[in-house]
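Colleague: Please display the model, and then let us examine the terms applied to its ligand sites.

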Amino acid sequence: MVEHVSRPEWVAVEEYLSSTLVKGGADLDAVLASIDAEGMPRIEVAPTAGKFLMLLAQIKGARRVLEIGTLAGFSTIWLARGIPADGRVTTCEYEPRHAAVAARNIAAAGLAHKVDIRVGPALDTLPLLESGPPYDLVFIDADKGNNINYLQWALKLTLPGSVIVLDNVIWEGTILDPGADPDAAAIRASLDFLGADESLDATVIQTAGSKGWDGFAVAVVK
Ligand code: SAH
Ligand code: DHB
Ligand code: MG
């Protein structure tokens, strides 16, 4: 577990960007309040990243989105905002308590009809999704030790042209020298996987803000 360290000026710039052009609104403010009230970890994506997920869904014209790691539904709500009324976000969450808070938040945001929360270890849920139609966009943001497993499942559940986003791939720069941190080693291995897999074309955007020094990978299935 790495300590995420934010420089105050990164946070100030992020807050400026959030209020000037992201403007998530009251439903997302309520999600953040619920995370604090429930004593859940503040590890949701930054507002700037959440809006990026919404815009990416719109750019892709995504109708079917798969998310791994729901927490309180912050990124889920952004993704659901980016798909049409008859689209669907399927989101996998291990902790029943997190899933219950997310369900409440998503319903309060008026998006329950677009979101299907699957409770349990994602590796138990993902095989059940194979019988359904493929996904246009996959957002992976859960236990980092399973990143490669999730990428392999994402490849099984998508088609050429589908988009995969993998959160937390810089991890305060520890990916260069993971040492004894198993998460850092797993994240590094998932980046090596993204670089080596012939069926994926990927890049990484580094970020600095309220989540410290981190970043996300964006890949297209070839
Ligand atoms: N995407 C969310 C944040 C997710 S935090 C957002 O940006 O708002 C990571 C979540 O993954 C936590 O809620 C954690 O309980 C969940 N998680 C951890 N291990 C998991 C697993 N094996 N399967 C599914 N979810 C898991
Ligand atoms: C952690 C997990 C995340 O998904 C994230 O975006 C930030 C931090 C964590 O486990 O510390
Ligand atoms: Mg994350």
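Colleague: Which helix and which strand each supply at least two residues of the shell around ligand 1?

Modeller: They are helix 4 (74–81) and strand 2 (88–93). Helices are DSSP runs of H or I with at least four residues, strands are runs of E with at least two, and both are numbered from the N terminus. A residue is near a ligand if one of its heavy atoms lies within 4 Å of it. The model is predicted, so local features need pLDDT of at least 70 and side-chain atom pairs pLDDT 80 or more, whereas totals for chains, interfaces and linings use all residues. Residues are numbered from 1 along each chain as written, chains are lettered from A and ligands numbered from 1 in the order written, and side-chain values use heavy atoms, without hydrogens or water.

Colleague: How many residues surround ligand 1, and which are the closest?

Modeller: There are 22, the closest being Gly69, Ser75, Glu93, His98 and Asp141. By class, 11 are nonpolar, five polar and six charged.

Colleague: What makes the approach of Ser75 to ligand 1 a polar contact?

Modeller: A side-chain N or O atom of Ser75 lies 2.8 Å from a nitrogen atom of ligand 1; this is a polar contact because the pair of N or O atoms falls within 3.5 Å. Polar backbone atoms of Gly69, at 2.8 Å, and of Tyr94, at 3.1 Å, also face ligand nitrogen. Of the 580 Å² that ligand 1 exposes when taken alone, the protein buries 90%, by the Shrake-Rupley method with a 1.4 Å probe.

Colleague: Which residues surround ligand 2?

Modeller: Its shell consists of Met1, His4, Ile43, Asp141, Lys144, Asp167, Asn168, Trp171 and Lys211. Oxygen atoms of ligand 2 lie 2.8 Å from a polar side-chain atom of Asp141, 3.2 Å from a side-chain N or O atom of Asp167, and 3.4 Å from a backbone N or O atom of Ile43. Taken alone, ligand 2 exposes 290 Å², of which the protein buries 87%.

Colleague: Why are Asp141, Asp167 and Asn168 called donors of the magnesium ion (ligand 3)?

Modeller: Asp141 (OD), Asp167 (OD) and Asn168 (OD1) lie 2.0 to 2.1 Å from the ion. They qualify because donors are N, O and S atoms within 2.8 Å of the metal (3.2 Å for Na, K and Ca). Along the chain, the donor spacing is D-x25-D-N. Asp141, in the loop between strand 4 (135–140) and helix 7 (147–156), and Asp167, in strand 5 (residues 158–167), are 26 residues apart and link distant parts of the chain. Water is not among the atoms, so the site may look incomplete.

Conventions
A polar contact is a pair of N or O atoms within 3.5 Å; within protein, one must be able to donate a hydrogen and the other to accept it, and residues adjacent in sequence count only if both atoms are side-chain atoms. Ala, Val, Leu, Ile, Met, Phe, Trp, Tyr, Cys and Pro count as nonpolar, Asp, Glu, Lys and Arg as charged, and the others, Gly among them, as polar.
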